[in-house]
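Dear colleague,

I am passing a structure on to you, and below it you will find my notes on what turned up when I went through it. Please read them with the structure open beside you.

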Amino acid sequence: MLTITGIKQVLPHRYPMLLVDRVTELVPEQRLTALKAVTCNEPWYQDLSEDADDEGHSYPQTLLVESWCQAAGVLAAWDRPNPDVLSGQVMLFGSISDVVLHRPVLPGDVLEHRVRLVRALSDTVIFEGESLAGGETVMEVGRVVMAMRPATELTEAREQSPAASAAGAK
């Protein structure tokens with residue numbers, strides 16, 4: 001099991017965008033189960049009116065997907081943690097397909113993200129899985145592709161780009 005301290009040693013995300021609270025199962029190179037507790041105290045709810053109904057409190061779907069992908073990121077990088085994206089390996093989101101959303105997620109729900117590693121190819125990993133709340137499937141993920149790249153490749157490419165050169169010339 002990984003608590004928030006262990007998760008922060010693997011992922012570079014921090015408040016308010018660290019969307020995984022605990023890892024309850026991790027089988028290296030196979031699967032991971034992680035939890036995310038949704039509360040009404042999260043920043044995306046701050047602008048809701050006092051009379052907002054349950055539908056208004058639906059957890060943003062993009063954040064549901066992001067939270068699941070962060071859980072996948074823990075599985076991808078747990079054995080080579082790198083919370084500083086300026087050094088070592090950087091985890092890049094490649095693509096996502098076949099996502100099915102079944103019902104809204106509301107404050108009070110505890111999401112259980114189930115991630116399965118489908119295939120690992122040197123620096124690229126493919127995942128599938130689902131998210132549950134109260135034992136009910138709220139989202140299915142058909143495929144997510146992530147790639148690991150050396151941070152130096154990304155920073156060197158940025159330094160060599162024409163836009164970066166023009167900005168430096170000012």
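Is Glu25 buried, partly exposed or exposed? Please bear in mind that this is a predicted model, in which Glu25 has a relative accessible area of 28% and is therefore partly exposed. Its salt-bridge partner is Arg31, and the closest N and O atoms of the two are 3.2 Å apart. Arg31 is partly exposed as well, with a relative accessible area of 34%. This pair belongs to a set of 8 salt bridges that the structure holds, and two further pairs from it follow here.

The next pair is set in other surroundings. Glu42 forms a salt bridge with Lys36, with 3.1 Å between the closest N and O atoms. Glu42 has a relative accessibility of 9% and counts as buried, because the cut-off for that class is under 20%. Lys36 is likewise buried, its relative accessible area being 5%.

Lys36 also leads on to another residue, Ser67, since Lys36 is among the residues with which Ser67 is in contact once the neighbours within four places in sequence are left aside. The others in that list are Leu19, Val20 and His113. Ser67 lies in helix 2, which covers residues 61-77, and at 0% relative accessibility Ser67 counts as buried. With His113 there is, in addition, a polar contact from side chain to side chain, at 2.7 Å.

The last pair I would point out is Arg103 and Glu136, which form a salt bridge with their closest N and O atoms 3.2 Å apart. Arg103 is found in the loop between strand 3 (89-101) and strand 4 (110-121), whereas Glu136 belongs to strand 6 (residues 136-150), so this salt bridge ties together parts that are 33 residues apart in sequence. Arg103 is partly exposed, with a relative accessible area of 23%, and Glu136 also counts as partly exposed, at 41% relative accessibility. Which residues are joined with Arg103 into one network by salt bridges that share partners? They are Asp109 and Glu136.

If you would like a place to begin, you might look at Ser67 in helix 2 and then go on to Lys36, one of its contacts, and from there to Glu42, the salt-bridge partner of Lys36.

With best wishes

Conventions:
Residues are numbered from 1 along each chain as its sequence is written. This is a predicted model: local features need pLDDT of at least 70, side-chain atom pairs count only at pLDDT 80 or more; totals for chains, interfaces and linings use all residues. Side-chain values use heavy atoms; hydrogens and water are left out. A salt bridge is a side-chain nitrogen of Lys or Arg within 4 Å of a carboxyl oxygen of Asp or Glu. Buried means under 20% relative accessible area, exposed over 50%, partly exposed in between (1.4 Å probe, protein chains only). Helices (H or I, at least four residues) and strands (E, at least two) are DSSP runs, numbered from the N terminus. A polar contact is a pair of N or O atoms within 3.5 Å; within protein, one must be able to donate a hydrogen and the other to accept it, and residues adjacent in sequence count only if both atoms are side-chain atoms. Contact means heavy atoms within 4.5 Å.
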